[in-house]
Amino acid sequence: MKIMLVDDSRTIRNIEKNVLSQLGHTDILEAGDGVEALSLTATQMPDLFLVDWNMPNMDGLTLVKNIRTKNTTVPIIMVTTEAEKSRVIEAIKAGVNNYVVKPFTAETLGEKIQQTLSKLGIAV
Amino acid sequence: MAQAAVMTGAKIQVSPDRIRAYVVLRPEDAQSPPTATALRDLLLIAKIKITDAVEKRLDALAQQLRKEAKTSEPYLVAEGITPVEPTGQEFIWDGQFKPKNTSSEDDAAVNFYEQHKLVTVTNGTVIGKIAPGRVGKDGLDVHGQVIQPHTHPRPFKLGKYVALDPDGKTVRATSSGQVVLQKDKISVHSVLEVAGNVDFQTGNIDSATDVLIHGSIQDLFIVRSRGQISVKGMVEAAYLFADREITIVGGVKGRGKAILEAKSDVNVKFVNFVYLQAGGDVELGKESIDSVILCDGVLNIPNGSFIGGQGYGMKGAVCKSVGSPAGARTIIGAAFNPLVYKNILDIDHSAKKDKELIQKIRTSVQPLMSQLKRLTPEQREKATELMFRADSLEQEVQQREQLRKQLAESMQVSPEVEVDVSERILPNTQIHIGDKFILLHEEVKGPVKFVLRSVDGVRELVLINRLTGSTRTFISGRLDRETLTVPVKPEVTQPGSKNPEKTSSA
C-alpha cells in the first residue's frame, strides 16, 4: 500500500513514517505542502493520505478539496493541530475520512489508520 | 641425403624425410651436362615418382644446364607433401584466473602483493576450457608413398576434483582447493600447499581450503584461509586470517604490524609485537613480548613468559612467568575482553546521558499535556515532536541495554576461571579477572593463582599459593573508561594497495 505523508515539518513526517513502518507500511511518498503533493499525485496516486492542515503554498484543506475533485474514494486522514470542533466538521465536509489531533501518540495514529482502512474495507 | 642414384654426369639425392629429391652434378662432368631424358632415367632408377611438376622441373633444369652447369648446388627436381603433425588439446584458463595486466600507462600504484601465482577455487567454479587440438594429416614422399604424422599427442586429462560440463569443453572444480595444471592434466588439490615462502613469487594467498606453507611468510603478505593455516617456518609482519586454526612452527616477529586472527585455536612458538585474536585457545611454546592476545578460550604459556603488552583468555590464563624485567607495562587477564568491555562502558555512558534527556523531555511535555485545550498549534506540534523524541530515545536505550546484557553475559566469570602463574609475576603487572583488576607493585613468587571471590559481599581478586594454600585478598579496582586500556588493532596495509583492507575480527 502506497501512503503519502503531507506535512511541512520533516520531523512530523519522520514520526508518521516510523509509526507506519511499525504497522508494516514502507511504501511511503512525502510532500512538504499541498502543491508538492498535487504534483506527485499527477504521476502516482497513493492508496492513503495523511495530510496536515497548516502548510505554506497550499494548505491541507485546499489539498483535500483538490484531491476529491479527481478521486472521491481514496482515504484521507487529516493530522493537525486544529482541534476546534468547527474545523473538524469543515474538514469532514471537504472530504477527509478521519481526523487526528496533535499531539498524538503512536497508538492513536495507528488506531486511526486501521479504523479508516477497515471502514473502507481495505485490508491493512 | 639418404638415398642416391648415380649416372654419368649426375646423381639423385633424396632428403632424409623423403620429401625432396635433388639432382647433383659431378664436377668432372660439368662440361657435358645430362639431358632431360638422362635425368628422367636417373629419376626412374631412383624410383622417384615423375609427376607433371617433376617433368616441368626436369625440362627447366635441362634447359638451364645447357646454358650454365653449376656443380656446387643441388637442383630440386621433386617435392612431396609434408605430413601435418597433430597438436594436443589445450587448456585455456577462465578469464578471472588470467594474470592481471599491470599496464605502465596506468599511473595508479601497483600492488605487487596481489599478483597471485597460486590459483584457488571453490567447489563449482569454472576453471577454464579445453580447446581442441589440430588434427594430423598424411603426407606423400617423392616416391609416391604415404608418410604418416610422427607424433601422437595424448588427450588432455582431468585429474582429481575436476569435471567436464555437458558441453564437453568447460572444466569445473568439484571441490574447493588449489588448481594444479600440469602439461596435459588439470586437478584440484584440497590443501593449498606452498613449497617455499609466501613472497612475491606467490603473492597474497586467499584459499577456500586449508593452507600449508612449508617456508615462511614475508613482510606484509596476507594469507587467508576458510580452513586452517599451518606454517612450518617463521612469520614476519604479515596478516593471517583463518576460519579455523592457525599453527606456526616458528614464531612471529610482528614489529607492531602483524595480525593473526583465527576463529579457532592458535598454536605458535612465540609472538613478538603481534596482534592476535582467537576464537579458541592460544598456546605459546616460548613467550609473548609486547603483544596483544585476545582469546575466547585459555591463554596458555605453561613453559614461557608473558612480557609486556596485554593478554586475555576468556576461560583463563596459564603462564610460567608474567611481567617485564625492564618494568614494561604488562596486563594479563581472564574472563575479560577489553574490546567488549569498552562497548559495555560506552553503552552505559550513552544510556545514562539519554535517560537524563528523556527525563528532561518528559518533564517539559507534562505541563503541556495536562492543559491540551489551551495549547497553540505551535505548542501542539512541538509537544508531538518531543513525545516521539522521548519515545524513540527510550526505544534506542532499550535496544542498547539488550546488547549490553548479551555482551556482559559473554564476559561472565565462572568460578573456575583463574590466572595461574607457576614461577613469578614481576612488578608493574596488572591482573584482570572480569571487570576487576589489581596492579602489583612487588614481585610475586609462584606457583600461585588469582581467582575472583566474594569477600564480605564484595568481589575481590584473591591470590592463592598453590604450595601452601595460603590466600591473600587484594582490594580490587573496577575498570572504567579512564582505567581501561583498549588495545589498538593494526591496519592491514600493503604498498600499492588502493584502499587499506578492513578486516573482521575472528
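# Worked exercises: strands, helices and loops

Strand S10 and strand S14 (residues 185–189) of chain B pair in the parallel sense over 2 bridges. Strands (E, at least two residues) and helices (H or I, at least four) are DSSP runs, numbered from the N terminus. Two strands pair if DSSP finds at least two bridges between them.

This is a predicted model: local features need pLDDT of at least 70, side-chain atom pairs count only at pLDDT 80 or more, and totals for chains, interfaces and linings use all residues. Residues are numbered from 1 along each chain as its sequence is written, chains are lettered from A and ligands numbered from 1 in the order in which they are written, and side-chain values use heavy atoms, without hydrogens and water.

**Exercise 1. Place S10(B) in its sheet and find its bridge partner.**

Step 1. Take the strand order. The open sheet has 4 strands, S6-S13-S14-S10 of chain B, with mixed pairing.
Step 2. Look at the edges. S6 (120–121) and S10 (157–158) of chain B each have a single partner strand, so one side of each is left without a neighbour in the sheet.
Step 3. Find the register. Leu158(B) has Ile186(B) in S14(B) as its bridge partner.
Background: strands of a sheet pair through backbone hydrogen bonds, either parallel or antiparallel.

**Exercise 2. Which strands stand at the edges of the sheet S5-S7-S12-S11 of chain B?**

Step 1. Note the type. This open sheet of 4 strands is antiparallel.
Step 2. Pick the edges. S5 (90–93) and S11 (162–164) of chain B pair on one side only.
Step 3. Get the twist. Neighbouring strands are turned by 30° against each other on average, direction ignored.
Step 4. Check an inner pair. S7(B) and S12 (residues 170–173) of chain B run antiparallel and share 3 bridges. Gly128(B) has Val171(B) in S12(B) as its bridge partner.

**Exercise 3. List the pairings of strand S25 (residues 298–313) of chain B, and say how many of its residues are buried.**

Step 1. Start with S24 (residues 282–295) of chain B. 10 bridges join S24(B) to S25(B), in parallel. Ser288(B) is bridged to Phe306(B).
Step 2. Go on to S26 (residues 316–322) of chain B. S25(B) is joined to S26(B) by 6 bridges, again parallel. Leu299(B) has Ala317(B) as its bridge partner.
Step 3. Add S27 (residues 330–334) of chain B. S25(B) pairs with S27(B) in the parallel sense over 5 bridges. Here Gln310(B) stands opposite Ile331(B).
Step 4. Check burial. S25(B) is mostly covered, with 12 of its 16 residues buried. Buried means under 20% relative accessible area, exposed over 50%, partly exposed in between (1.4 Å probe, protein chains only).

**Exercise 4. At what angle do helices H1 and H5 of chain A cross?**

Step 1. Fit the axes. They are lines through C-alpha atoms, for helices over the stretch in contact, and angles run from 0 to 180 degrees between N-to-C directions.
Step 2. Read the geometry. H1 (residues 10–22) and H5 (residues 106–119) of chain A have axes that come within 10 Å and cross at roughly 65°.
Step 3. Collect the contacts (heavy atoms within 4.5 Å). Glu16(A), Val19(A) and Leu20(A) in H1(A) meet Ala106(A), Leu109(A), Gly110(A) and Ile113(A) in H5(A).

**Exercise 5. Is Thr81(A) buried or exposed, and what does Thr81(A) touch?**

Step 1. Locate the residue. Thr81(A) is in the loop between strand S4 (76–80) and helix H4 (85–94) of chain A.
Step 2. Classify. Thr81(A) is buried, because its relative accessible area is 5%.
Step 3. List the contacts, leaving out residues up to four places away in sequence. Thr81(A) touches Asn54(A), Lys102(A), Pro377(B), Arg380(B) and Glu381(B).

**Exercise 6. Describe the surroundings of two loop residues of chain B, Arg134(B) and Pro447(B).**

Step 1. Arg134(B) lies between strand S7 (126–131) and strand S8 (139–140) of chain B. Arg134(B) counts as partly exposed, because its relative accessibility is 46%.
Step 2. Measure C-alpha to C-alpha. Arg134(B) and Gly88(B) are 46 residues apart along the chain and separated by 7.0 Å.
Step 3. Pro447(B) lies between strand S31 (444–445) and strand S32 (448–455) of chain B. Its C-alpha is 5.8 Å from that of Val421(B), 26 residues away in sequence.

**Exercise 7. What confidence does the predictor give?**

Step 1. Chain B averages a pLDDT (confidence in each residue, from 0 to 100) of 88, and 91% of the residues score at least 70.
Step 2. In chain B, pLDDT stays under 50 over residues 102–106 and over residues 502–506.
Step 3. The complex gets an ipTM of 0.75 and a pTM of 0.67.
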